[in-house]
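The report that follows is meant for a reader who has not met this structure before. It begins with the inside of one element and then widens to the whole chain.

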Amino acid sequence: MNKEKTFVYFMLFITMVVIPMALFYLMLTGRMNNLSPKLVGAIEIYLAMVCGMLLLMIVNWFIKI
């Protein structure tokens, strides 16, 4: 596997798994209670984008099978 493809998969993993899990952890532990509405909206948009991208990846995976 070439270096560019490895880097793309690494960045995809960080974007789709690590950051949302960190956000969920902070939400569950109550460390994000005093956020402004703009920050809450930005986090919700980011999580919706991640869910949409995961859905597209799963659909693409099923189409290739």
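In helix 2, the residues that are buried, meaning under 20% relative accessible area with a 1.4 Å probe and protein chains only, are Ile43, Tyr46, Leu47 and Val50. Helices here are DSSP runs of H or I with at least four residues, strands are E runs of at least two, and both are numbered from the N terminus. This is a predicted model, in which local features need pLDDT of at least 70 and side-chain atom pairs count only at pLDDT 80 or more, while totals for chains, interfaces and linings use all residues. Residues are numbered from 1 along each chain as its sequence is written, and side-chain values use heavy atoms, with hydrogens and water left out.

The cover over the buried residues of helix 2 includes helix 1 (3–28). An α-helix has 3.6 residues a turn, so residues three or four places apart point the same way.

The largest nonpolar core, a set of buried Ala, Val, Leu, Ile, Met, Phe, Trp, Tyr and Cys residues joined through side-chain atoms within 4.5 Å, has 7 residues: Met16, Leu23, Met32, Ile43, Tyr46, Leu47 and Val50. Helix 1 and helix 2 each supply at least two residues of this core, and the largest share, 4 residues, comes from helix 2. Leaving aside neighbours within four places in sequence, leucine 23 is in contact (heavy atoms within 4.5 Å) with Met32, Ile43, Tyr46 and Leu47.

Leucine 54 also lies in helix 2 (residues 37–64), and because its relative accessibility is 34%, leucine 54 counts as partly exposed, the class between the buried limit and the exposed one at over 50%. The C-alpha atoms of leucine 54 and methionine 16 are separated by 7.5 Å, although these residues are 38 residues apart along the chain.

Tryptophan 61 and phenylalanine 62 are both exposed.

Taken as a whole, the chain has 2 helices and 0 strands, and buried residues make up 12% of its 65 residues. Some lengths are set out below.

| Item | Value |
|---|---|
| Helix 2, first C-alpha to last | 41 Å |
| Helix 2, expected at 1.5 Å times one less than its number of residues | 40 Å |
| Chain, radius of gyration over C-alpha atoms | 15 Å |
| Compact globule of 65 residues, by 2.2 Å times the number of residues to the power 0.38 | near 11 Å |

Along the principal axes, the C-alpha atoms of the chain fill a box of roughly 45 × 25 × 20 Å.
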